[in-house]
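Open the model in your viewer and keep the sequence panel beside it. This tour goes from stop to stop, telling you what to select and what to look for.

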Amino acid sequence: MTAANVPAGEAPLGDLVAPEPEERPDLWPFTARRGVNGALSIGGRTLIEILSQAPTPVFVLDEADLRGRAAAWTAAMAEEFSPDYGMNGGEAFYAGKAFLTTRVARTVLEQGMGIDSASRGELAVALAALGDADGGRSPARTARLGLHGNGKTRAEIAVALHHRLGHLVLDSVEEIALAADVVRDLREVGVYGPEECGSVMLRLTTGVHAGGHEHISTGHEDQKFGISVATGAAYEACLAVEAAPELTLRGLHSHIGSQILDLAGFREAAGVVMRLRHEVAAATGRLCPEIDLGGGYGIAYTGADPVAPSAADVARVLAQTVRFACAELGDDAPRVSIEPGRAIIGPTTVTLYTVTGLKTVELGEGAARLYVSVDGGMSDNIRPALYGAAYTALLANRRPDADVGLVRARVVGKHCESGDIVVHDVDLPADLCVGDVLAVPATGAYGRSMASNYNLFPRPGVAWVDGARQGWVLRPESVEDLLRLEGQ
């Protein structure tokens, strides 16, 4: 295919080639390299070594990269929100919905992060990993865990309060009532003392939306997430928590979107949260000790995406915003937490697929597209469907021959086209063959957690690589195993 027969209105041929790891290191695991034989290596393991233990389709996770990124976010928050700078501490909670196994959870905990979960299964994984990392589940340790998400059940709230999670983020006045009822039950059975209260946070709808699709926008009131600041509902909910003898308001939580690359929205949302905190304190005489500014920090998925802000950039912008708000309002600084799940796990992961079929489709007027079938479906259907997100793919088992030329391709699974496109458009070598291996970077960010295309394939397993070591997770833990791990 030449530039003359690229479909009308599309990028010129060559513009959609996946960048090599040395060209865009932010897109790939830090250890990704082309070996002397032209094949990709990750974590010091060659492609042949990886696939001998973990056949495609498989998520490959660079564990050293994961440790480094988790440590960087921990250090950035600790530094920028240090009491030595007049702040009250800061921490990063890993968003479990981004990609969660017990090994991932244990790794981020060992690097000083907390873990936020959004379901009972995710919380069970976090609790199991906490026991491995910290040697137990005392209240001091479980303060490193959180549970948020829409429509929590009474059982989920009960587990969170039983274990005294640091972040139980309530999403509605109905959840406030459930939490108070659970605390009364825990007092009756002696798990809580007669005067002991459940520590909760409230999720706010700040009216700020900084990324994502309009149907899941955080910038309007008619939505399932959070309690509106603009209507006054959030203020009233804060007063209700403070008035409840079973509960204490630990903090306020804000989330403003997804795949955010511009930090301006975080400045605006933080100001809204800080002003509400001040107003509630004026009414109750108590300044809640913490704010959580959520997540949604963007990463690069293709060579066309900009390089995302670093952990240090994010922490510094947030610290400046909180510092200025405290000075303006005359309030003591809160402890500040954030949830950079995608920004940590995304670049550490690559999904490997084997090419199983090739089909050239003539589009008219000399244009054509090569459909490349692979041995798995797109595990993250939600991002392309809701965000118009794009991915890219690199020939991984050999170095492309520069003299062969390129072809405009679409990488697909075996199910319906609209719901099973792995990579919408990418320029691949014209000599691509059945049996070649494609590497799709950054698919770990939400790909495994939100996998929805189970019609023909199980969710891919996970191979973790770290220097000379490699492990292999064939399948996710069963629901029964996860619930048993809660110890309930």
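Start in a loop. Select Glu-365, which lies between strand S14 (349-364) and strand S15 (367-374). Its phi is positive, about 55°, although Glu-365 is not a glycine. Is Glu-365 buried or exposed? Its relative accessibility is 81%, and the cut-off for exposed is over 50%, so Glu-365 counts as exposed.

**The whole chain**

Now zoom out. This is a predicted model. The protein chain holds 13 helices and 21 strands. Of its 488 residues, 55% are buried. Look at contacts with a separation of 6 or more: 72% of them join residues 24 or more positions apart.

**Two more backbone stops**

Most residues other than glycine have a negative phi, and most peptide bonds are trans. The next two selections depart from that pattern.

Select Arg-164. You will find Arg-164 in the loop between H6 and strand S8 (167-170). Its phi is near 55°, a positive value in a residue other than glycine. Arg-164 is partly exposed, because its relative accessibility is 24%.

Next, go to Thr-56 and Pro-57. The peptide bond from Thr-56 to Pro-57 is cis. Its omega is near -5°. Pro-57 belongs to the loop between helix H1 (47-53) and strand S4 (58-62).

**Along helix H4**

Select residues 120-134. This is helix H4, with 15 residues. From first C-alpha to last, H4 reaches 20 Å, close to the 21 Å expected at 1.5 Å a residue. Colour the buried residues of H4: Glu-122, Leu-123, Ala-124, Val-125, Ala-126, Leu-127, Ala-128, Ala-129 and Leu-130. Then step past the end of the helix. Gly-135 follows H4, and its phi is positive, near 80°.

**H4 against H6**

Keep H4 on screen and add helix H6 (residues 154-162). How do the two helices run relative to each other? Their axes come within 10 Å and cross at roughly 20°. Angles under 35 degrees count as roughly parallel, so H4 and H6 are roughly parallel to each other. The crossing of H4 past H6 is left-handed.

Show the side chains where they meet. H4 brings Arg-120, Leu-123 and Leu-127. H6 brings Ala-155, Glu-156, Val-159 and Ala-160. By class, the residues of this contact are five nonpolar, no polar and two charged.

An α-helix has 3.6 residues a turn, so residues three or four places apart point the same way. Keep that in mind as you turn the view.

**Leu-147**

Select Leu-147 in strand S7 (residues 145-147). Leu-147 counts as buried because its relative accessible area is 0%. Now pick Leu-168 as well. The two residues are 21 apart in sequence, and their C-alpha atoms are 5.0 Å apart in space.

Which residues does Leu-147 touch, beyond those up to four places away in sequence? They include Asp-116, Ser-117, Ala-118 and Ser-119. Also among them are Lys-152, Glu-156, Ile-157 and Ala-160. The list ends with Leu-165, His-167, Leu-168 and Val-169. Glu-156 and Ala-160 should look familiar: both are H6 residues that meet H4.

**Thr-107 and Arg-69**

Move to helix H3 (residues 102-110) and select Thr-107. Thr-107 is buried, because its relative accessibility is 5%. Setting aside neighbours within four places in sequence, Thr-107 is in contact with Glu-63, Leu-66 and Arg-67.

Now select Arg-69 in helix H2 (residues 63-80). Arg-69 also counts as buried, because its relative accessibility is 14% and the cut-off is under 20%. Beyond residues up to four places away in sequence, Arg-69 touches Trp-28, Phe-30, Ala-343, Ile-344, Pro-347 and Thr-348. Add Ser-310. It is 241 residues from Arg-69 in sequence, yet 9.9 Å away in space, C-alpha to C-alpha.

**Last stop: H9 and H10**

Show helix H9 (residues 264-284) and helix H10 (residues 311-329). Their axes come within 9 Å and cross at roughly 35°. The crossing of H9 and H10 is right-handed.

Select the contact residues on each side:

- From H9: Phe-266, Arg-267, Ala-270, Met-274, Arg-275 and His-278.
- From H10: Val-317, Leu-318, Gln-320, Thr-321, Val-322, Ala-325, Cys-326 and Leu-329.

Colour them by class. The contact of H9 with H10 has nine nonpolar, three polar and two charged residues.

How values were computed: Residues are numbered from 1 along each chain as its sequence is written. This is a predicted model: local features need pLDDT of at least 70, side-chain atom pairs count only at pLDDT 80 or more; totals for chains, interfaces and linings use all residues. Side-chain values use heavy atoms; hydrogens and water are left out. Helices (H or I, at least four residues) and strands (E, at least two) are DSSP runs, numbered from the N terminus. The expected span of a helix is 1.5 Å times one less than its number of residues. Buried means under 20% relative accessible area, exposed over 50%, partly exposed in between (1.4 Å probe, protein chains only). Axes are lines fitted to C-alpha atoms, for helices over the stretch in contact, and angles run from 0 to 180 degrees between N-to-C directions. Angles under 35 degrees count as roughly parallel, over 145 as roughly antiparallel, 65 to 115 as roughly perpendicular and the rest as oblique. A crossing is left-handed if the near helix is turned anticlockwise from the far one by less than a right angle, and right-handed if clockwise. Contact means heavy atoms within 4.5 Å. Ala, Val, Leu, Ile, Met, Phe, Trp, Tyr, Cys and Pro count as nonpolar, Asp, Glu, Lys and Arg as charged, and the others, Gly among them, as polar.
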